[in-house]
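Dear colleague,

I am handing over the structure below, and after it you will find a written account of what was found. Please read the account with the model open beside it.

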Amino acid sequence: GLLEGDDLSIWLHNLKRQKVDHVFLQKPFGIEGEWVQGRRTMFEPLFWDLNCAVYQYTEINRLPKPRN
């Protein structure tokens with residue numbers, strides 16, 4: 001089964017194990033929002049507004065896309 005807890009390593013393990021490729025966060029963003037913001041090479045923002053955000057997740061750290 002899935003590991004439980006509010007630990008970053010457990011959360012990332014569960015994303016990988018469940019083959020997650022997108023993460024949806026809803027306000028209040030909670031600890032997961034902080035984890036995503038701190039790992040921009042793993043989570044690419046696809047959509048965000050004041051109430052929610054959608055990120056593409058990859059377990060491989062990649063360089064952020066250049067902003068135009």
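An open sheet of three strands lies in this predicted model, with the order E1-E3-E2 and antiparallel pairing, where two strands pair if DSSP finds at least two bridges between them. Strands E1 (22-26) and E2 (43-48) are the edge strands, each pairing on one side only, and from one strand to the next the twist averages 25°. Helices (H or I, at least four residues) and strands (E, at least two) are DSSP runs, numbered from the N terminus.

Between E1 and strand E3 (residues 52-57) the antiparallel pairing runs over five bridges, and Phe 24 has Val 54 in E3 as its bridge partner. Helix H2 (residues 30-37) packs on the sheet and touches E1, E2 and E3, with its direction at about 130° to that of E1; contact means heavy atoms within 4.5 Å, while axes are lines fitted to C-alpha atoms, for helices over the stretch in contact, and angles run from 0 to 180 degrees between N-to-C directions.

For the chain as a whole, the two helices and three strands follow the pattern α-β-α-β-β along the sequence. Of its 68 residues, 26% count as buried, that is, under 20% relative accessible area with a 1.4 Å probe, protein chains only.

Residues are numbered from 1 along each chain as its sequence is written. Local features need pLDDT of at least 70, side-chain atom pairs count only at pLDDT 80 or more, and totals for chains, interfaces and linings use all residues, while side-chain values use heavy atoms, leaving out hydrogens and water.

Best regards

Definitions and conventions. Buried < 20%, exposed > 50% of the residue type's maximum accessible area, 1.4 Å probe, protein only.
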